[in-house]
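Reader: Hi, I have a new structure to go through. Can we take it step by step?
Author: Sure. Put it up and ask away.

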Amino acid sequence: MDVDPTTPLLYVLSDDLGLRGPKFGCGLGQCGSCTVLVKGQAVRSCITAVESVLGVEIITLEGLGTVDKPHPIQKAFIEEQAAQCGYCLNGVILTAKAFLDKNPKATEKQIEEGMSRVLCRCFTHTRMLRAIGRAQKEMAR
Amino acid sequence: MKNPSLSSTELPMAQSAADALARAGFSRRDFIKGTGALIVSFSMGGALRTLNAQQTRAGAFGEPAAADSPPANEVDSWIAIASDGSVTAYTGKEELGQGMSTAQMQLVAEELCVPFRRVNLIVADTSVTPDQGVTSGSQSHPTNFNRSNLAGACATAREALLQLGSKHLNIPEDQLVALDGEIRSKSDASKKVAYAELVAGKKFALKVDPSAKRKPAGEWTVLGKPIGRPDMPAMATGTFEYAHNVRVPGMLHGMVIRPAAVGANLMNVDESSVSGMPGFVKVVVKKNFVGVVAEKTWQAAQIAKALNVTWSPAPELPKQETFYDHLRNQKQTRDTLLVNSRDVEQKLAEAATVVKATYYHPYQMHGSVGSSCAVADVQGDKATVWSPTQGVWHQRATLAMLLGIKPENIRVIFRRGSGCYGINGADTVTYDAALLSQAVGKPVRVQLTRKDEMAWENYGFAFTIDERAGLDSQGNIIAWDHEAWSPVLGNRPVYTYPGNVITGFLAGFQPEEFRPRSPAPEPANFSNNSNAIPSYVVGHVGGADHGAGKVKSERALLHNVVSPFWTGPLRSPQRLQNTFAHESFMDELAARVKADPVEFRLRHLSEERMIDVVKSAAKAANWDARPSPKPLATSAAGIASGRGISCVAYEGDNGYSAMVAEVEVELATGKLTVKRIVVSVDAGPISNPDGLRNQSEGGALQGLSRALGEEVTWDDHNVTSIDWRTYHSLPLGFAVPKIEIILLNRPDQPATGAGETAITVVAGAIGNAIFDATGGRIRQVPFTTERIKAALAG
C-alpha cells in the first residue's frame with residue numbers, strides 16, 4: 001500500500017481499505033469512535049500514524065466477529081439492544097473488549113471507570129454497561 | 001429478548017419489489033405516476049368513503065409537498081407488494097437512531113397482516129419516497145401511526161385486499177380474515193389466496209382512506225411488541241453503512257475552511273500556498289465559502305491546514321458574561337403572545353403573595369459524536385447526494401438553489417449519520433460536498449472536522465426567562481406570567497433558505513429574515529408547541545380552554561432577538577428550556593406555601609394524562625410526600641440527599657412525561673451525584689415498548705448531560721467550545737444513576753411524540769432535588785459544581 005507514513009491509521013483503514021468499523025469522531029483521540037485493537041490494546045486510530053503500526057496485527061470491529069458469528073460482547077450488545085444511532089459502538093465495544101480481556105473480574109464500578117474515556121451522545125449508557133456486564137459473564141464461562 | 005437477525009445492512013432496497021417493477025418495464029417513479037402500470041381494479045362503489053382531499057402533504061407542519069413527490073394520499077406512494085409476497089413500504093420518516101424504522105416495519109406488518117420479516121422499508125429517498133418534510137419534532141409517531149400516511153395506506157390496502165380476496169374466493173368479506181399475507185376463509189382454512197396472487201406488481205390506484213379501520217391495539221401481535229432492531233447486528237459488527245461509509249467510484253475528498261471569526265469576510269485565498277501538495281486537486285471559492293479537494297482525506301486535511309486564507313476583521317461578539325442581560329436589552333424584538341387573559345397585572349396586584357424568579361439556559365449543541373459527513377456527485381446539470389439530512393426533499397430544494405440545478409435533476413438519498421438530535425451539521429456538510437463536487441465535476445466526500453462541526457452548527461436556543469405568579473391566601477396559584485427572551489439566527493433550511501445554515505450563508509444566501517414585531521398581536525389560535533405556556537394554566541384562546549391546568553389568569557410572552565450564532569432545533573427545542581423554568585418555578589411556589597411538590601402540581605392540573613404521569617412517577621419512586629426543602633439532615637460526610645419532581649405535557653398534547661430524581665449533594669463542595677431517576681411516559685399506544693424505553697433512558701441521560709455540563713462558550717470573536725475538552729458531555733463512565741422507566745400504554749388514544757418527552761423534564765427534576773436536599777435554588781443551566789456551591793451559599 002502506498003500511503004504517506006504520517007497518515008493516521010484511521011484513514012488507511014476507512015479510506016484505503018474501505019472498513020466500516022473504525023469511524024472518525026473527533027480526530028483528537030477524545031471520543032473513541034476510531035478505536036482499534038493493537039496487540040490487545042484499545043488504540044485511537046485517528047491520532048496513530050500508520051507508520052507506528054507497520055507489521056502489527058490490528059483488529060477492527062468487523063474483525064472481532066460477524067453477524068453470523070458475533071463475539072460475546074457484540075452478541076450481548078445485540079441482545080440488550082444497546083445502541084441508538086450506533087455510531088459510537090465501534091469504540092464502545094472494542095474498548096470493552098480490551099478492558100475485559102485485562103480485567104475479567106472487574107466490578108461494575110471498575111467497568112464504568114474503564115469506559116470513562118468513551119462518548120455516546122445518544123446516551124445509551126445504561127444498556128451499554130448492562131451489555132458489557134452480560135458479556136463479562138459469558139466470557140468467564 | 002429474542003431478536004430477529006435480519007439482513008446485515010440497513011433495511012436494504014426491497015429487491016424483490018423493485019425487480020418485479022423492473023421486469024414489468026417501469027421504474028418506481030413511473031409506477032407511482034401511473035405511466036403504463038397495471039392497475040388492480042376495485043369496485044369501491046358504495047363502499048367508497050369520503051376522501052381527505054387536503055392530504056397533499058405527508059408531513060405535519062402544513063407546508064405543501066414538493067410537486068413531483070409521490071402523493072401522500074395515494075396508497076401506492078407508501079406500499080408495494082411483490083410476487084414473492086414481500087411488502088415494500090416507503091417512508092419519509094427516517095431512522096435517526098430512535099428505532100423509527102423498526103416501529104414502522106411493525107406497523108406495516110401489523111396493518112397488512114404479514115410477518116415482520118417480509119417487510120422491507122425504503123427510507124427517505126427523493127426518487128421513491130413521499131415528501132414528509134423533516135424527521136423531527138416528535139412528529140414521526142403521530143404522523144405515520146394514526147389514520148393518514150403510512151398507517152392509513154396500510155389499513156386502506158388491507159381492506160382492499162379483503163375485497164379482492166372476496167371476489168377471488170367468492171366468499172363474503174365478513175367471512176374472511178387477512179393473515180400471514182393471505183386472505184383466508186374464517187371457517188375453512190383451505191380456502192385462501194395470497195396477496196401476491198391478488199396484486200403483485202400491480203398498482204392499488206387507491207386513495208388513502210382515513211376512515212379505513214385500523215386494527216385495534218388490543219388485537220396487535222407485531223405492533224406493541226418489543227421487537228429488536230434489525231439494524232442492530234450490523235451496527236454491532238461494524239458492517240452497517242452510515243453516510244460516512246458511502247464510497248462512490250472516483251470519489252475525491254474535500255475539507256472546508258471556515259471564517260477566522262464569526263462575521264469575517266474573505267479577503268484573499270492564496271492557492272499557490274498548497275497547489276504543489278500531494279493529492280491536491282482544487283481550491284474552491286464561492287463568495288465566503290472556501291474549500292479544498294484532494295485525492296485522499298488526509299491530504300485534504302493537510303491542504304486545508306496549509307492554505308493561506310486572509311479574512312477581514314470582524315465585529316466583537318457580545319460578552320458571554322453579560323449575555324443573558326444582553327438578550328433582555330435588545331431594541332429589536334419579535335414578540336409572540338401565546339396566551340393572554342389580560343388580567344395578569346390586576347390579579348398579581350390582588351394576590352396575597354407574588355413570587356418572581358429568573359432562569360437562564362445557555363446555547364447548547366447537538367454535538368454529534370461523529371462529525372457530519374456527506375457525499376455528493378454533481379455532474380453537469382444533474383446531482384446525486386448521500387446525506388444524513390433530516391429532510392431529503394428540503395435538501396433537494398435548497399441544493400437546487402445552491403447549485404443552480406433544477407430540483408427534479410437532483411436525487412437526495414438519506415443515509416444515516418451519527419445521532420443528530422436536531423439540526424447538526426448534516427445539511428451544511430451536504431452543501432459543502434455538493435459545492436466542492438460541482439467545482440471538480442467528480443463525486444466528493446466531506447466530513448467536517450470536530451471544530452467545524454462544533455463552532456458553526458445551529459445551536460439549541462439560549463433563554464432568559466422571567467416567571468411571576470400570584471398566590472392567594474390559601475396558597476393556590478391565581479395568576480402566572482411567563483416572559484422570555486431568546487436569540488435566533490437561521491434555522492432548518494426548509495425549501496427556500498439554504499442561508500439558514502453556515503455553508504449556504506457563506507455561499508451567498510441570506511438566512512430567513514428577522515422581522516421585528518412589537519407589541520405582539522393577541523393570540524388567535526392556541527399552540528403550545530414551544531411549551532411557553534405552563535402546564536398549570538387553562539390556556540384560554542379562541543373561546544376555549546386548551547391547557548393542562550386550572551389557573552385562569554395567564555400570560556406567556558416570547559421576545560425573539562437576533563442571535564450572534566446560528567440557531568436551530570435541538571432535541572425538545574424551546575420546550576426543554578421553558579419547562580426547566582416552569583417546573584423549577586412551580587417548585588419554588590410549592591415551597592413558598594409549604595406544600596408537597598407533587599400534591600401542589602396535582603392541585604393545579606386538569607389534564608388527566610398529566611395527572612396520571614405525575615402520579616405514576618411519584619408512586620414508582622415511592623415519593624416522600626412533604627414540603628421541600630427537606631429538614632437538613634446531612635450525613636457524617638456532609639452529604640445531603642433530596643428528591644425532586646418535574647413534568648410536561650409535551651407541546652401541550654404531544655406526549656406526557658414526569659420524572660422523579662434523587663440526588664446527593666456534598667455541602668462543602670457542591671459536588672452533585674444523581675442516584676436515581678424514575679420517568680413515566682405516555683406516548684399514546686406503545687408501538688415498541690423496548691424502543692420507547694431506549695428513547696426514554698437515552699433522553700433522561702442526555703438531559704442529565706445537558707443539565708449538568710453542556711454550554712456553548714465564546715470569546716470576543718469565536719466559539720471556544722470546539723471539542724470534548726471544552727464542551728462537557730457526560731462520558732460513558734460517569735456514575736450513571738439507576739433509571740426506571742414507567743410506560744403508560746394508551747391503546748385508546750392517538751399516537752403521540754415519544755423521543756423528546758423524557759429529556760424535557762430532567763433539568764427541573766434535578767434542580768428541584770438539589771433544592772430539596774440543600775435549600776439552595778439553582779436557576780442557571782448547566783448546574784456546574786461552582787454554581788451549585790454558589791446556590792448553597794444563598
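Reader: Is Gln81(A) buried or exposed?
Author: Buried. Keep in mind that the model is predicted. Gln81(A) has 2% relative accessibility.

Reader: Where in chain A is Gln81(A) found?
Author: In the loop between α3 (72-79) and α4 (89-102) of chain A. Its phi is near 50°, a positive value in a residue other than glycine.

Reader: What about Asn170(B), buried or exposed?
Author: Exposed, at 69% relative accessibility. Asn170(B) is not a glycine, yet its phi is positive, about 60°. Asn170(B) sits in the loop between α5 (149-169) and β4 (176-179) of chain B.

Reader: New topic. How many disulfides are there over all chains?
Author: The search of the whole structure gives 0.

Reader: Why does Cys46(A) have no bond to Cys34(A)?
Author: Because the two sulfurs are 3.7 Å apart, too far for a bond. A disulfide needs them within 2.5 Å. Cys34(A) holds the closest cysteine sulfur to that of Cys46(A). Cys46(A) is also buried, with a relative accessible area of 9%.

Reader: And which cysteine sulfur is nearest to Cys88(A)?
Author: That of Cys120(A), 3.8 Å away. Cys88(A) is in no disulfide either. Cys88(A) is buried too, at 5% relative accessible area.

Reader: Now the two chains. How many residues does each give to the contact?
Author: Chain B gives 63 residues and chain A gives 57. Together the chains bury about 4900 Å². Of that area, 56% is on carbon and sulfur atoms.

Reader: Which residues in chain B lose the most area to chain A?
Author: Trp298(B), Val369(B) and Leu732(B). Together they make up 17% of what that side buries.

Reader: How many salt bridges are there between chain B and chain A?
Author: There are 6. One of them joins the side chains of Asp690(B) and Arg127(A), at 3.1 Å from N to O. For polar contacts, the count across the interface is 33 residue pairs.

Reader: Which helix of chain B supplies the largest share of its side?
Author: α18(B), with 9 residues of the side that touches chain A. By class, that side of chain B has 24 nonpolar, 27 polar and 12 charged residues.

Reader: Last one. Where are the cis peptide bonds in chain B?
Author: One runs from Ser628(B) to Pro629(B), with omega near 0°. Another joins Val781(B) and Pro782(B), with omega about -5°. Pro629(B) is in the loop between α17 (608-620) and β23 (639-649) of chain B. Pro782(B) lies in the loop between α20 (762-774) and α21 (785-792) of chain B.

Key: Residues are numbered from 1 along each chain as its sequence is written. Chains are lettered from A and ligands numbered from 1 in the order in which they are written. This is a predicted model: local features need pLDDT of at least 70, side-chain atom pairs count only at pLDDT 80 or more; totals for chains, interfaces and linings use all residues. Side-chain values use heavy atoms; hydrogens and water are left out. Contact means heavy atoms within 4.5 Å. Buried area is the accessible area (1.4 Å probe) that two parts lose on being put together, summed over both. A salt bridge is a side-chain nitrogen of Lys or Arg within 4 Å of a carboxyl oxygen of Asp or Glu. A polar contact is a pair of N or O atoms within 3.5 Å; within protein, one must be able to donate a hydrogen and the other to accept it, and residues adjacent in sequence count only if both atoms are side-chain atoms. Helices (H or I, at least four residues) and strands (E, at least two) are DSSP runs, numbered from the N terminus. Ala, Val, Leu, Ile, Met, Phe, Trp, Tyr, Cys and Pro count as nonpolar, Asp, Glu, Lys and Arg as charged, and the others, Gly among them, as polar. Buried means under 20% relative accessible area, exposed over 50%, partly exposed in between (1.4 Å probe, protein chains only).
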